[in-house]
Amino acid sequence: MNLHQRERLREEAEARGQAALEQALTLAFWDALERGPLPPMAALEAAARTVGTLYRQIASLHGPAPRCGCGWQPEPDEDLIRLEAMLAAALIERPRPSLADLPVAGRA
Ligand SMILES: [Zn+2]
């Protein structure tokens, strides 16, 4: 297996991992709203705050004395720009087929 093939396999595994995480987060979000409806922006604010908290937690595992070993170096300013870009892109993106039917079960 050459370098290009290995890189493609790594990217495919990462995409599968991201899809699984997105599905888990989406289901948890709509489950929570089923149990206790919230105003839409209050729900989305909580979700955004949670992403920020998750960033802080995972970055703390990669700080000056990394406990993870994967080599990632948190760059809060650059990482925030990247996360903002993902958020902005998702706002205008057409829903993917695998997630498009999930909101039907919930109410925002
Ligand atoms: Zn790591």
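Start by selecting Leu80, which sits in helix H3; helices here are DSSP runs of H or I with at least four residues, numbered from the N terminus. The model is predicted, so local features need pLDDT of at least 70 and side-chain atom pairs count only at pLDDT 80 or more, while totals for chains, interfaces and linings use all residues. Residues are numbered from 1 along each chain as its sequence is written, and side-chain values use heavy atoms, with hydrogens and water left out.

**Helix H3**

Leu80 is partly exposed, with 47% relative accessibility. The classes are buried for under 20% relative accessible area, exposed for over 50%, and partly exposed in between, with a 1.4 Å probe and protein chains only. Now select the whole of H3: the helix has 17 residues and spans 25 Å from its first C-alpha to its last, close to the expected 24 Å. The expected span is 1.5 Å times one less than the number of residues. H3 is hardly covered, as the count of buried residues among its 17 is 1.

**From Leu80 to Tyr55**

Next, select Tyr55. Its C-alpha is 9.3 Å from that of Leu80, although the two are 25 residues apart in sequence. Tyr55 is buried, at 18% relative accessibility.

**Aromatic pairs**

Rings of Phe, Tyr and Trp (its six-membered ring) pair if their centres lie within 6.5 Å; planes under 30 degrees apart count as stacked, over 60 as edge-to-face, and the rest as tilted. How many aromatic pairs does this rule give? The count is 2.

Select Phe29 and Trp30 to see an edge-to-face pair, with centres 5.5 Å apart and 90° between the planes. Phe29 is partly exposed at 23%, whereas Trp30 is buried at 17%.

Then return to Tyr55 and add Trp72: the ring centres are 6.0 Å apart and the planes lie at 90°, so this pair is edge-to-face. The pair links distant parts of the chain, with Tyr55 in helix H2 (residues 40-60) and Trp72 in the loop between H2 and H3 (76-92), 17 residues apart. Trp72 is partly exposed, at 31% relative accessibility.

**The zinc ion**

Last, select the zinc ion. Which protein atoms are its donors? They are NE2 of His62, SG of Cys68 and SG of Cys70, at 1.9 to 2.2 Å from the ion. Donors are N, O and S atoms within 2.8 Å of the metal (3.2 Å for Na, K and Ca); water is not among the atoms, so sites may look incomplete. Along the chain the donors follow the spacing H-x5-C-x1-C. Is His62 buried or exposed? His62 is buried, at 7% relative accessibility, while Cys70 is exposed, at 52%.

Definitions and conventions. Helices (H or I, at least four residues) and strands (E, at least two) are DSSP runs, numbered from the N terminus.
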